[in-house]
Amino acid sequence: PNVVIVRTMSKAWGAAGLRVGYAVANPKVIDWLRRVGLPFPISAPSASVALDAVVNGGPDRETIDRIRREREALTGLLEAFGAEALPSQGSFVLARFDNPEFVWSSLAALGIAIRSFAGRSELDGWLRFTLPGNETVFDRLSDALTAILKPEALLFDLDGVLADVSGSFREAIRQTATSFGVEVTPEHITRETARGDANNDCRLTHRLIEAGGAEATLDEVTTTYEALYQGTDAEPGLRATEKLLVDRSTLQRLAETLPLAVVTGRPRADAERFLSEQGITDLFRTVVTMEDAAAKPDPAPVRCALDRLELERAWMVGDTPDDIRAARRAGVLPIGVVAPGDDPDEAKAALASSGAGRILSTVDELLEIL
C-alpha cells in the first residue's frame, strides 16, 4: 500500500511527443495525488493516444531490442578506450573518463551532443550517452568516438600551423594592399579570414582591397602579391622570412606515434619547397596541395589525405575557420591553433565558433593530449 510505480511513455513506448507517463498505486494514494495535482495535467488528445497505446498496443519491442544491442556495443567500445561504464538497464550509458571535457567538446565539434555534469562534484568525470535506437545515428556516434579516442593519423595545415607566415603571406597581403592605396592591419586580416573562404591569399587580398574602397582586378592583385612573396633573382621575396613553428624533434615524436600528413591550400611547388628547406619532408606520408582537390572549407582535401593514407579516422590541426569546417565535414576531429601574428582573443573566438574541439597555443600540446 505504500508503493508507487511510475513509468514514462517517452522511452520504450516511443511516445516522447505526448509528454505522458503513468503511476500505479493504492487507490488511496492515487486519490491523494489527484487532490494535489492540476485538474488538467495533460491534454485530452495526449491522454486519448496514451490510453489507446496501453489498451491496444504496448512498448515498441523492436526499439527496445535495438537499444539493448546499442547499449552493449557502446559499453564495450567505451571500456576498450579505457573508460569506466556503469551497468545500465536504461536508454543511456553513464561512463567516466580521465579527460571528460576533451571527449565532450570533441563530440560537440563533430555535431554530437552528450550530457556532461560540470560543477557537480559527485559526477565529476562522468558523461551520459543517450542511445539513439537508430543504426545510422549509432554508427555515427561510434565512428566519432573512435576518431576522437583512437585516431589513425594527424593532419596539419601548413601556413600558421607548421610555417610562421606572419612575415611572408601576411606581409605580402599588407604590402599588396598598400600598393593599391589601402591600409590593411593584422586585425583586418584576422577578421576577413574568420569570415571563411579565405584559403587563397590572393583572393583574400583582393577582397580586402575592395573593402577598402580601391579598384583592382584579381589578376593585378595576384601579380603584385606573387612578386612580393616569391622575389626575384636579384632580391629575395618575403617567403625567405618563413620559419618552422614546430621543432623537428616534436614532429619526429608525433610521427612515431601516428602517420602525419599535410593538407594545405599552397601550390605544390611552394609547399614541398618549404618542407624541404626545413628538413621535415621525410616525416609526412603525403602532402595534399591546391592542385589535388577543391579548396577548404570543402572537405575534399581532407578526404584526399585520408584516402592516400588508406585510413578513416584522424585529427586535423588548423589555424583558420576554413580548416575547422573542412575537418568537421570530413568527419575528422578539428583542432585549432592560434597562428603567430593573429590577435589571440579574436582567433580563438573564430576557431571556437567554427566548431574546433580543442584550441591549442602551440602544436607541441598535441603530445600531451595524445
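These are my notes on a few things I looked up in this structure.

**Entry 1: the model.** I am working from a predicted model, so everything below is computed from that prediction.

**Entry 2: Arg7.** I started near the front of the chain, with Arg7 in strand 1, residues 4-8. Is Arg7 buried or exposed? Neither, as it turns out: its relative accessibility is 47%, and exposed would need over 50%, so Arg7 goes down as partly exposed. I then checked what Arg7 touches beyond its neighbours within four places in sequence, and found Trp13, Gly21 and Tyr22. For Tyr22 I also looked up the backbone: its C-alpha atom is 5.5 Å from that of Arg7, with the two residues 15 apart along the chain.

**Entry 3: strands 4, 5 and 6.** Strand 6 (residues 126-130) runs antiparallel to strand 4 (residues 92-96), and I count five bridges joining them. One pair I noted is Phe92, which sits opposite Thr130 of strand 6. Strand 5, residues 115-116, is also antiparallel to strand 6, with two bridges. There, Ser116 has Leu127 as its bridge partner.

**Entry 4: nonpolar cores.** The largest nonpolar core has 70 residues, and the members touching the most others are Leu107, Phe129, Phe156 and Phe284. Helix 5 (residues 135-149) gives this core its largest share, five residues. I pulled the contact list for Leu107, again leaving out neighbours within four places: Ile112, Ile114, Phe129, Leu141, Ala144, Leu145 and Ile148. A second core, separate from that one, has 16 residues, among them Val263, Leu309, Ala314 and Ala327. As a general reminder to myself, nonpolar side chains in soluble globular proteins tend to be buried together.

**Entry 5: Thr250.** Next I went to helix 10, residues 248-257, which contains Thr250. Thr250 has a relative accessible area of 6%, and the cut-off for buried is under 20%, so I put Thr250 down as buried. Outside the four places either side in sequence, Thr250 is in contact with Asp364 and Leu367.

**Entry 6: the cavity.** How many cavities of 30 Å³ or more does the structure hold? Just one, and the space in the largest cavity comes to about 70 Å³. Its lining includes Arg170, Asp319, Thr320, Pro321 and Asp342. Helix 7 (186-194) and helix 14 (344-354) each contribute at least two lining residues; Thr190, Thr193, Ala194, Ala347, Ala350 and Leu351 are also on the lining list. By type, I get five nonpolar, three polar and three charged residues around the cavity.

Key. Residues are numbered from 1 along each chain as its sequence is written. This is a predicted model: local features need pLDDT of at least 70, side-chain atom pairs count only at pLDDT 80 or more; totals for chains, interfaces and linings use all residues. Side-chain values use heavy atoms; hydrogens and water are left out. Helices (H or I, at least four residues) and strands (E, at least two) are DSSP runs, numbered from the N terminus. Buried means under 20% relative accessible area, exposed over 50%, partly exposed in between (1.4 Å probe, protein chains only). Contact means heavy atoms within 4.5 Å. A nonpolar core is a set of buried Ala, Val, Leu, Ile, Met, Phe, Trp, Tyr and Cys residues joined through side-chain atoms within 4.5 Å. Two strands pair if DSSP finds at least two bridges between them. On a 1 Å grid over the protein atoms alone, a cavity is a set of points where a 1.4 Å probe fits but cannot get out, and a pocket is an open set with protein on both sides within 12 Å along at least five of seven lines; lining residues have an atom within 4 Å of a point. Grid points are joined across faces, edges and corners, and a volume is the space filled by probe spheres set on the points. Ala, Val, Leu, Ile, Met, Phe, Trp, Tyr, Cys and Pro count as nonpolar, Asp, Glu, Lys and Arg as charged, and the others, Gly among them, as polar.
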